Amino acid sequence: MDRPSLLDGRTRAIAVLTKTDLAFQQCIFPGCGATYGVDEVRVACESCGGLLDVVYDWDHLRPPESLRFFESRWARRNDPVCFSGVWRFRELLPFAPADSVVTVGEGQTLLHPSEGVARYTGMRPGRLFLQYEGMNPSGSFKDNGMSAAFTHARYIGARIAACASTGNTSASLALYCSVTGLLRAIIFVGSGKIAFGKLSQALDYGALTIQIAGDFDDAMQRVREVSRQLGIYLVNSVNPFRLEGQKTIMYRVLEALGWEVPDWIVVPGGNLGNASAFGKAFAELRQLGLVDRVPRLAIINAQGANTLYQLVEKRGVRWNGGHPPQETIDQFYAEMDRQHRRADTIASAIEINRPVNLHKCLRALEVCDGVVRQVSDQEILDAKARVGAGGMGCEPASAASVAGVKRLVEEGVISPDERVVCILTGHQLKDPTATVAYHTTDQEHFNRVLGSRGVKRAEFANRAVEVSNNLDEIIRAIQLYS
Ligand SMILES: *Cc1c(COP(=O)(O)O)cnc(C)c1O
Ligand SMILES: [Zn+2]
């Protein structure tokens, strides 16, 4: 049988013999450039502490000459590796042999034009698209990265995997562990900092769940320590293999646009793994001659968790060819600690103080001529309601992208005629608390959940109509409101 292969027969044989130098890990800082094998487990450069990339020797891997090559996969959906929205692009993330690939059917996602959201943001009809990553098996884009991290974990023979999480990484890790039975999951969450939809997934899928008295950043620090001490495989987005999987979100956007590059990709920014992966995807596609230009990137912070916005837009921090001004960054964090400022937003998935992929993200902003904006919880919830009314609900963090487009159109940075893709990162059912509070008729409930975050109105609320249990009254209500 024609077995799907990540690398073709010849290169694969070499890869297995030499533990592959066709793919390797490399420190992102050009001044360091230390390399490590893909069979090593690392989340930082040994010599300088920098983040690592997965790098490919494209000259010897012979990637496709056109993106249309991938269309041949559509006819082979009965093969799980072709069905996967990640692995049907395997030639663009060839870091492991075919028999290591782990898939649970991730990446069956849609690029959906939305007229209602276009109107809301001030875009012309037909110019705004929503990339609906909530359709993934665990309900968020994290599955794209998790299938790649699991593939690497399987390749190197890991037994236990861990993550710190605001919720969706843990849901994804727990799902992959329970479906595949390959690894045992340990998840670290900040106590009270996780939406119930996400926590319920981790518990239901059977992950060992450790609730730490603290927030995401505290949990992240602890999980790093624990993983190092116990030799546990870390699947946070500091894991460079995870970002390889997340590159495919961009390949699917291109695929849906007939391989045309949009003008803007707009994405919420938390730990900045997605933004980093998107930048890498386009840098590679351009290097390979598979696209003739790259889109611009807009990364949207919540106002209550705006580290990237502060650094880039207020303090002028740039990648600067691999020499970002570390002193400015360190000063910002020192000040944050001194003033006891902690991230606080309804968009819990991006409630992050110290984004772990900051440096990679600065590089992505350079590659894609990017901008960063912040939006309030009010703007996020209003945008979320407009997305929901268009039929593709999302969780609060995801709607930051739509709120960000509205701002950028108002500012004249995005023109209403450009083609804009918003990444809807997570499913609506992840955080029903926020949705129900927005639409509630109970003002006290609204104030308790949202008022404390500065949310004053629910302009787009679709409130339930309350009637007594009486047929005439019910019929009257229907006639009055329909
Ligand atoms: C993880 C997550 C984010 C943040 O993504 P980063 O890659 O960490 O910036 C945004 N939205 C949702 C729904 C998420 O789960
Ligand atoms: Zn280094």
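This dialogue examines the cavities, the pockets and the ligand surroundings of a predicted model.

Biologist: How should one begin to look for empty space in a structure such as this one?

Modeller: Rolling a probe the size of a water molecule over the atoms shows where empty space is left. In this predicted model, a search of the whole structure yields five cavities of 30 Å³ or more.

Biologist: What volume does the largest cavity have, and which residues lie closest to its centre?

Modeller: The volume of the largest cavity is about 310 Å³. Its lining has 29 residues, and F141, K142, G270, N271 and A349 are the closest to the centre.

Biologist: Which helices and strands should I trace to find this lining?

Modeller: Strand 6 (160–165), helix 6 (168–180), helix 9 (240–256) and helix 10 (273–287) each contribute at least two residues to the lining of the largest cavity. Helix 10 provides the largest share, three residues. Viewed by domain, at least three lining residues come from each of domain 2 (72–106 + 140–241) and domain 3 (111–138 + 251–431).

Biologist: How many residues of each class occur in that lining?

Modeller: The lining of the largest cavity comprises eleven nonpolar, 15 polar and three charged residues.

Biologist: Let us turn to the ligand. Which residues are closest to ligand 1?

Modeller: Ligand 1 is surrounded by 16 residues, the closest being K142, N168, G270, L272 and T425. One may then examine individual atom pairs. A polar side-chain atom of K142 is found 2.6 Å from an oxygen atom of ligand 1, and an N or O atom in the side chain of N168 is likewise 2.6 Å from an oxygen atom of the ligand. For N271, a backbone N or O atom lies 2.8 Å from an oxygen atom of ligand 1.

Biologist: What percentage of the ligand's area does the protein bury?

Modeller: Ligand 1 exposes 380 Å² when taken alone, and the protein buries 97% of that.

Biologist: I should also like to understand the pockets. How much space lies in the largest pocket, and which residues are nearest its centre?

Modeller: The largest pocket holds about 530 Å³ of space. Among the 23 residues that line this pocket, R224, Y333, R354, P355 and V356 lie nearest the centre. Helix 8 (216–230), helix 12 (326–338) and helix 13 (358–367) are the elements that give two or more residues to this lining. The largest share, six residues, belongs to helix 8. By class, the lining of the largest pocket divides into twelve nonpolar, five polar and six charged residues.

Biologist: How is the second largest pocket described in these terms?

Modeller: The second largest pocket contains about 430 Å³ of space. It is lined by 16 residues, with V41, R42, V43, S227 and R228 nearest its centre. Helix 8 and strand 9 (233–234) each supply at least two residues of this lining, and helix 8 gives the most, with three residues. The lining of the second largest pocket has nine nonpolar, two polar and five charged residues.

Biologist: Why can the second largest pocket be placed between two domains?

Modeller: One asks which domains give residues to the lining. Domain 1 (13–61) and domain 2 (72–106 + 140–241) both do so for the second largest pocket, and therefore this pocket lies between them.

Methods. Residues are numbered from 1 along each chain as its sequence is written. Chains are lettered from A and ligands numbered from 1 in the order in which they are written. This is a predicted model: local features need pLDDT of at least 70, side-chain atom pairs count only at pLDDT 80 or more; totals for chains, interfaces and linings use all residues. Side-chain values use heavy atoms; hydrogens and water are left out. On a 1 Å grid over the protein atoms alone, a cavity is a set of points where a 1.4 Å probe fits but cannot get out, and a pocket is an open set with protein on both sides within 12 Å along at least five of seven lines; lining residues have an atom within 4 Å of a point. Grid points are joined across faces, edges and corners, and a volume is the space filled by probe spheres set on the points. Helices (H or I, at least four residues) and strands (E, at least two) are DSSP runs, numbered from the N terminus. Ala, Val, Leu, Ile, Met, Phe, Trp, Tyr, Cys and Pro count as nonpolar, Asp, Glu, Lys and Arg as charged, and the others, Gly among them, as polar. Domain bounds come from an automatic or database domain assignment. A residue is near a molecule or strand if one of its heavy atoms lies within 4 Å of it. A polar contact is a pair of N or O atoms within 3.5 Å; within protein, one must be able to donate a hydrogen and the other to accept it, and residues adjacent in sequence count only if both atoms are side-chain atoms. Accessible areas come from the Shrake-Rupley method with a 1.4 Å probe; for residues, only the protein chains shown count as cover.
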